[in-house]
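User: I am new to this structure and would like to learn how to read it. Please take me through it feature by feature.

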Amino acid sequence: MNRLTEETWLGSPQPASRSKGNLNPLEGSDGSRAAGMGGSRAVVLLLFLMALFPIGSRAADVGNCLMCHKYPGLSLVAEDGALRLCYVNEENFNSSVHSKVTCQGCHTDVDKIPHDPAKKVDCLTQCHIDEPTTAKKFSHEHAERFLSQSVHSKYDPNGNLKEYAEDYPDCKGCHDNPLWRPMAFGTSQHAGMSESALGRCRVCHQSDEFIFRYYSHVTTRLHKIRNPKNIAEACGRCHNDPALVARHNLRTQAGISYNDSYHGKAASFLDERIPDCLDCHVRKGESVHQMLSRKNPRSITHADNKAQTCSSTDCHPNASAKLASYDVHAGFTLDKSPGQFYFTVFFIFLTGCTLLPLMAIIFLDLLRRLFPNLILRKRS
Amino acid sequence: MASHYKIKIKNGEKLFYRFSVSQRIQHIILAVTVVLLVLTGMPLRFHDASWAPFLYALFGGIACAPIVHRVAGSTLLLLFVYHLAYLAYHIIRDDVRPLKQRGELTAISLFKLLLTQPLVPNLKDARDILDLLKYLLFLTHERPQGAKWTWKEKFDYWAPFWGMLIIGTSGLILWNEGLSARLFTGQVINYALIAHSDEALLAGLFLFIWHWYNVHFSISVFPMGTAFINGYLSEELMIEEHYEYYVEVMTECGFSRDIKPPHGYHSDAKVMQGEGEAI
């Protein structure tokens with residue numbers, strides 16, 4: 001088994017991320033689930049996915065990797081003891097943003113079958129796709145450059161490695177292989193593909209695969225690529241960790257305090273009209289990788305910019321600057337928000353002092369009715 | 001003047017008048033809106049609970065349930081305002097005006113008048129609570145002899161009254177977050193959220209534990225007290241909860257010979273007690 005521990009994945013999330021919860025809502029229907037399913041359910045699932053993405057887009061499996069990786073049970077036990085699935089759900093992969101990239105495009109060191117333990121994927125690899133606007137080989141270097149200027153960079157502005165550098169995220173800390181999330185516009189706007197729009201594409205374009213990819217590429221980015229609940233969970237994987245929060249002297253367990261706010265409550269019911277982490281922490285029009293500390297004057301969460309952020313057209317357009325003093329990440333701890341802490345304690349006491357005596361009376365009343373004629377003191 | 005009889009005899013049973021039609025309608029509006037508010041509010045408070053999405057989906061999910069909540073909340077607030085007007089109207093018509101006609105209306109007499117309104121807690125209530133505890137702790141066989149409105153009913157009245165002030169105000173603040181931030185500060189919304197959800201939990205628990213025990217689940221009234229529908233209480237329940245008022249009304253209506261003894265004076269209880277003494 002040891003030979004295989006360096007095995008990496010095709011189109012599936014990192015095992016570590018899997019154990020902490022799925023990032024992508026559609027991801028749940030991939031290998032791990034399908035593996036456990038009976039044949040008929042798997043067929044139903046397949047039909048469902050085919051219905052979702054009616055136009056077959058087939059990436060050419062030039063390396064014939066699916067010869068082995070198409071089997072749902074293909075897995076290994078890694079050195080850390082975690083079970084890793086090496087199964088690649090072809091349907092899911094073909095509906096993902098990387099579907100045009102060949103396996104070897106990312107797993108560059110795999111050059112024969114059966115292969116040696118593969119290295120972890122480096123997202124900065126120049127892949128075999130030309131970026132159409134520049135005709136240059138595509139890579140994720142831009143995202144990396146933005147990330148290195150953000151609060152999440154492993155290096156401080158002077159280029160020195162920060163303390164606890166290993167806590168800072170790399171690409172795969174936040175991302176797995178995202179599925180397309182195309183959008184249809186008709187009488188209403190919803191997830192899916194608009195058949196009438198596809199019909200218009202087909203007037204000129206012959207390749208359904210091209211149409212599907214182009215449509216998805218554009219419309220996936222016209223709305224949130226993950227819903228706010230998923231975003232809060234992704235950020236929460238680090239930002240809810242009390243040890244990490246203490247280590248970096250952060251103000252709050254951000255995902256948890258977000259969940260307790262009205263924004264987070266709505267997010268937990270899959271509302272997408274409300275802001276997720278990215279909406280308030282990244283300036284509109286900028287790459288989400290350019291997230292800045294609230295202490296940075298350029299940040300939109302900086303005290304001077306907060307009011308403008310809250311009162312953006314899509315959010316609270318009529319709000320005054322004072323709305324920004326709303327404590328979005330209020331936590332009920334004595335040291336961080338004493339006023340709200342004592343206010344909460346007051347209500348806890350009020351509830352206890354009201355209900356406990358009344359419940360005691362109910363209990364005694366039931367007991368009294370059970371022994372209607374019992375008496376402890378003789379009547380004089 | 002009164003459009004009702006204090007005692008109504010139906011199938012040989014005496015029924016005692018409790019609530020007017022207006023009061024009963026007010027109560028039903030209150031009950032329906034509060035249940036709706038709890039059902040559409042608690043899934044938000046406990047949004048991580050497994051049942052929350054299902055209950056929320058029943059009211060149309062995040063796109064619709066908040067609208068149901070606001071409609072119910074607005075209805076309840078309108079009812080509250082109506083009730084205040086109703087209260088003021090009745091106090092002025094029945095108490096203040098006669099006082100004025102007699103020329104005795106002063107600040108002190110008005111204050112005294114307000115303090116002696118039927119649902120204002122008084123010393124008798126404190127005595128009744130102590131007597132109830134004595135009864136519940138098996139120290140006596142005698143239940144407290146309640147007046148027309150007992151401390152339980154006063155509690156049931158003032159708890160939602162206070163609750164509506166707190167929950168209604170904080171609800172309006174949360175609903176109009178832009179305006180409230182302009183009037184106060186953004187922090188007010190933090191406090192309003194705490195007050196709204198914590199006070200709502202208290203109100204909900206109070207209703208479903210205490211109020212429902214007294215009017216639904218208690219052995220005396222199970223499966224359901226009907227005074228909130230037909231406005232009358234049975235003789236049995238009158239004797240158990242409002243003995244003092246029962247004697248008063250019976251005497252007033254000329255039934256003084258039919259007055260039954262209070263509960264707890266059962267002959268078998270005396271026998272049991274006698275046996276206890278004998279042993």
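Analyst: What follows goes from confidence to folds, one helix, backbone geometry and contacts. This is a predicted model, in which local features need pLDDT of at least 70, side-chain atom pairs count only at pLDDT 80 or more, and totals for chains, interfaces and linings use all residues. Residues are numbered from 1 along each chain as its sequence is written, and chains are lettered from A and ligands numbered from 1 in the order in which they are written.

User: How do I read confidence, and where in chain B is it lowest and highest?

Analyst: pLDDT is the predictor's confidence in each residue, from 0 to 100. Where pLDDT is low, the predicted coordinates should not be read in detail. Chain B has an average of 88, and 93% of its residues score at least 70. Within chain B, the lowest mean, 42, belongs to helix 12, while helix 1 (residues 21-45) has the highest, 96. The pLDDT is below 50 over residues 266-279 of chain B, a stretch with seven contacts in the model beyond near neighbours in sequence. Two residues are in contact if their C-beta atoms, placed from the backbone, lie within 7 Å. For the complex, the predictor gives an ipTM of 0.87 and a pTM of 0.78.

User: How many helices and strands does each chain have?

Analyst: Helices (H or I, at least four residues) and strands (E, at least two) are DSSP runs, numbered from the N terminus. Chain A has 17 helices and six strands; chain B has twelve helices and three strands. Along the principal axes, the C-alpha atoms of chain B fill a box of roughly 70 × 60 × 35 Å.

User: What share of each chain is buried?

Analyst: A residue is buried if 20 or more other C-beta atoms lie within 10 Å of its own, exposed if 12 or fewer, and partly exposed in between, with C-beta atoms placed from the backbone. In chain A, 24% of the 380 residues count as buried. In chain B, buried residues make up 23% of 279. Contacts can also be sorted by sequence separation. Taking contacts between residues at least 6 apart in sequence, 54% of those in chain A join residues at least 24 apart, and in chain B 61% do.

User: How do I read a single helix, such as helix 10 of chain A?

Analyst: Start with its length. The expected span of a helix is 1.5 Å times one less than its number of residues. Helix 10 of chain A (residues 208-220) has 13 residues and should therefore span 18 Å; its end C-alpha atoms are 17 Å apart, which agrees. Next, look at its sides. Ile211(A), Phe212(A), Tyr215(A), Ser216(A) and Thr219(A) are buried in helix 10 of chain A. They lie on the same side of helix 10 of chain A because they cover an arc of only 120° around the axis, the arc being that of the directions from the helix axis to the C-beta atoms. On the other side of this helix, His217(A) and Val218(A) are exposed. Strand 5 (183-185) and helix 9 (195-204) of chain A are among what covers the buried residues.

User: Which backbone features deserve a look?

Analyst: Most residues other than glycine have a negative phi, and most peptide bonds are trans. A cis peptide bond joins Ile113(A) to Pro114(A), with omega about -10°; Pro114(A) is in the loop between helix 6 (103-106) and strand 3 (130-131) of chain A. Another cis bond runs from Phe222(B) to Pro223(B), with omega near 5°, and Pro223(B) is in the loop between helix 8 and helix 9 (227-230) of chain B. Asn11(B), not a glycine, has a positive phi of about 50°. Asn11(B) is in the loop between strand 1 (7-10) and strand 2 (13-17) of chain B and counts as exposed because it has 5 C-beta neighbours inside 10 Å.

User: How many residues does each chain give to the contact between them?

Analyst: Chain B gives 38 residues and chain A gives 39. On the side of chain B that touches chain A, helix 8 of chain B gives the most, 14 residues. That side divides into 22 nonpolar, nine polar and seven charged residues. Here Ala, Val, Leu, Ile, Met, Phe, Trp, Tyr, Cys and Pro count as nonpolar, Asp, Glu, Lys and Arg as charged, and the others, Gly among them, as polar.
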